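Student: I've got a protein model open and I'd like to learn how to read its side chains. Can we go through it together?

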Amino acid sequence: MPALPQHPAHDDLRRRWAATVTAATGHAPDASSPGSDRYADELLRRWAEPQRRYHTTDHLVAVLDRVDTLAEYADDVHLVRLAAWFHDAVYLPERSTNEERSARLAERALTELGVDRARTDEVSRLVLLTRTHAAGDDDANGMVLCDADLAILASPPDGYERYAAAVREEYGFVPDDAYRAGRTEVLRRLLGLPGLFRTPYGQRRWEEPARRNMAGELERLRKS
């Protein structure tokens, strides 16, 4: 398989990964154990797969950056960062088991890297939470990850249109009528939530523009 082009942030992402693994394990990687760099490269290869249009390395970078923005609200921001790395690590648009497979990948990798069972289980739980983005009132880590993942919805209008177009490209195998129906259901479900964002920052900065963007997309889908 030919090597995929490296993302401009490749080296920085590898450094961020290594720092997060060190923080989660409490020690630098053991030279005798599988290297964290190998996992970074494997994850970055996954994020660069050709079937992706929105769920790309750019999305990974954006979610990690937003987790940093929301770090003060997390109980353990290092585990949230690990969950961000894994949350779409397995992504095939035609499959409905991406989150489950991503969580299993996280469990295998983090166990081999020496992350303890409780922390590994928390990362796996957070990855699975991105199926619904329904974090509980006492789930600080979940609120941070879900807000970081959904923050794209609050983009400026042109950025939101690019996001919506990229999602449509990922589902290019779905006929227009079926896509409109499915996308409409997703948007209505999200708009029906009492609040899209659960952290104070997200509620203050992202809630209103996200709802405005989604309502606009819903209207465009209705007219089409």
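Student: Which residue lies over the face of Trp47?

Tutor: Keep in mind that this is a predicted model. To read this feature, look for the charged end of an Arg or Lys sitting above a flat ring. Here, Arg52 does that for Trp47, at 5.1 Å from the ring centre. You can find another case at Tyr179: Arg168 lies over the face of that ring, with 4.3 Å to the ring centre.

Student: What about rings next to other rings? How many aromatic pairs does a search of the whole structure find?

Tutor: Eight aromatic pairs turn up. When you check one, ask how far apart the ring centres are and how the planes are angled; over 60 degrees counts as edge-to-face. Take Trp17 and Trp85: their centres are 5.2 Å apart and their planes make an angle of 70°, so by that cut-off the pair is edge-to-face.

Student: Why does the pair of Trp17 and Trp85 tie together parts that are apart in sequence?

Tutor: Because Trp17 belongs to helix α1 (residues 10-25), while Trp85 belongs to helix α4 (residues 77-86), the pair links parts 68 residues apart in sequence. Both of these Trp residues are buried. Ring pairs also bring in Phe86, making a cluster of Trp17, Trp85 and Phe86.

Student: How are the rings of Tyr201 and Trp206 arranged?

Tutor: Those two are edge-to-face, with 5.3 Å from centre to centre and 75° between the planes. Tyr201 and Trp206 are both buried, too.

Student: Now a small side chain. Is Ser102 buried or exposed?

Tutor: The trick is to compare the relative accessible area with a cut-off: under 20% means buried. Ser102 has 0%, so we call it buried. You'll find Ser102 in helix α5 (residues 98-112).

Student: Which backbone nitrogen lies 3.0 Å from a polar atom of the Ser102 side chain?

Tutor: That's the backbone nitrogen of Val90. Beyond its neighbours within four places in sequence, Ser102 is in contact with several residues, including Phe86, His87 and Val127. Phe86 is also part of the ring cluster with Trp17 and Trp85.

Student: Let me try Glu217. Is that residue buried or exposed?

Tutor: Use the same check. Its relative accessible area is 6%, and since that is under 20%, Glu217 is buried. Look for Glu217 in helix α11 (residues 207-223).

Student: Which residues does Glu217 touch, not counting those up to four places away in sequence?

Tutor: Glu217 touches Tyr160, Ala164, Arg183 and Leu187.

Conventions: Residues numbered from 1 in each chain as written. Predicted model: local features only at pLDDT ≥ 70, side-chain atom pairs only at ≥ 80, totals over all residues. Heavy atoms only, no water. Phe/Tyr/Trp six-rings, centres within 6.5 Å; stacked < 30°, edge-to-face > 60°. Helix = DSSP H or I, 4+ residues; strand = E, 2+ residues; numbered from the N terminus. Buried < 20%, exposed > 50% of the residue type's maximum accessible area, 1.4 Å probe, protein only. Lys NZ or Arg CZ within 6 Å of the ring centre and 35° of its normal. Polar contact = N/O pair within 3.5 Å; in protein donor to acceptor, adjacent residues only side chain to side chain. Contact = heavy atoms within 4.5 Å.
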